[in-house]
Amino acid sequence: MHKSTSLLVGLFFLFVTFLSCEGGSPETAATQPETTTPTTLKAKLKDQFYLGAAVGKAQIEQGSPATTELIKREFNTLTPENDMKWENIHPERDGYNFVTSDRYVDLAESSDMHVVGHALVWHSQLAPYVTEITDSSELATHITEHITTIVERYKGRIHAWDVVNEAFNEDGTLRASHFYNVMGEDYLAHAFRAAAAADPAAKLIYNDYNMWKPAKREGVVRVIKKMIDAGVKVDGIGMQAHWSLNGPELTDVENSIKAYSDLGVDVMFTELDVTVLPNPWDLEGADVNQDFSIYEGDEKMDAYRAGLPDSVQQQLAERYTDIFALFKRYQDKVSRVTFWGVHDGHSWLNGWPIAGRTNHPLLFDRELKRKPAYDALMMEIK
Ligand code: G3I
């Protein structure tokens, strides 16, 4: 962060802290006559990119009205966190379950939100029967049926799809998933072609974590370029953005924005959150297969159970300010920024990589209040 920016964020943070001590808040303090100044981050960024959140099943099925209100007020795009993954939406070979996914789309439509379907083809959260299909043409046919059934159902109502999720290893080679093992690299192009045929207007995205890493970036660029050159419709690259207070370096992120947009596609930050808790092995990204259960209950790994101290709130505010300054600088290339969760109580990071922790990675706290990071973004992002 530039020193002057850091100073401004620091001063603003002190101001917000002062107001809170006085029992006020920037919102209650702002009792001046109404102006056209945006009062939400979504409104402030409306001409630059979509601002969204992933929403989970508990919220969709029996969530609090206050959280629904917050979702509608603060975000203009929504991603179902788990309910469109294969094991949930297509659990049996001949059986689909659209009950919950329909609810997401209804909620989004009730406030005119952009909807992202997540994720059509992913090795994780896959229905078990799929791994029994070991013939390549049979698997290809089944992928087509899966994609066609889901994408056609929501044609014109789901506006973008994570078509393939997490297909690459960290070194840029293709992950030896079931799809890869049976069909080879072709499964990616096959999935994108099926999605394009099912809804030609939908934005089709390749989505992955650690997309800032140079080796992974090179692998993704190589394969996606080959697909685009072969006439396959790919509209966007999703950089998940499960980050921390210290990493990744934003120069690496910037290099990836340039490299992916050079392919002629949009860049989306699809799963943004910033962990404030220590990561075992200095963990990066979001490989869900690692097991750190030995750390469960370890207080050193879960230091903010009682709340986030002011000093860390400020670090989070500075980190988010730097991140959004970068997004804003590349606003002609970045078309969406989605947070992975609505508020801290909803975040998957309370359960991963160590279960039962109290993390604080988002812009809203467990009481749905704006955190200093939100206020800093409102002040800093012009
Ligand atoms: O649905 C069951 C529920 O019936 C049961 O009571 C409960 C008890 O643990 O578990 C529920 O399932 C959990 C599910 O989330 C819904 O809460 C799973 O155990 C849990 O593994 C699952 O975690 C999800 C994770 O993907 C699984 O891969 C997280 O919520 C979700 O945030 C996370 O999202 C992924 C993206 O899809 C892809 N990128 C990485 C990102 C973070 O891992």
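Is the crossing of helix 8 and helix 10 right-handed or left-handed? To find out, open this predicted model and select residues 136-153, which form helix 8, together with residues 186-198, which form helix 10. The axes of these two helices come within 9 Å and cross at roughly 35°, and the crossing is right-handed.

Next, show the side chains where the two helices meet. On the helix 8 side, select Ala140, Ile143, Thr144, Ile147, Thr148, Val151 and Glu152, and on the helix 10 side select His190, Ala191, Ala194, Ala195 and Ala198, since these are the residues in contact. Coloured by class, this contact of helix 8 with helix 10 shows eight nonpolar residues, three polar ones and one charged one.

Now move to strand 5, residues 203-208, where five of the six residues are buried, so that the strand is largely enclosed by the rest of the structure. Keep strand 5 selected and add strand 4, residues 160-165, which pairs with strand 5 in the parallel sense over five bridges; within this pairing, Val164 has Tyr206 of strand 5 as its bridge partner.

From Tyr206, continue to strand 6, where Ile237 is the bridge partner of Tyr206. Strand 6, residues 236-239, is also paired with strand 5 in the parallel sense, here over four bridges. To follow the chain between these two strands, select residues 214-229, which form helix 11: the path leaves strand 5, passes through helix 11 and arrives at strand 6, making a β-α-β crossover that is right-handed.

Conventions
Residues numbered from 1 in each chain as written. Predicted model: local features only at pLDDT ≥ 70, side-chain atom pairs only at ≥ 80, totals over all residues. Heavy atoms only, no water. Axes fitted to C-alpha atoms, helices over the stretch in contact; angles between N-to-C directions. Left-handed = near helix turned anticlockwise from the far one by under 90°. Contact = heavy atoms within 4.5 Å. Nonpolar A, V, L, I, M, F, W, Y, C, P; charged D, E, K, R; others polar. Buried < 20%, exposed > 50% of the residue type's maximum accessible area, 1.4 Å probe, protein only. Pairing = 2+ DSSP bridges. Right-handed = clockwise from strand over helix to strand, strands pointing away.
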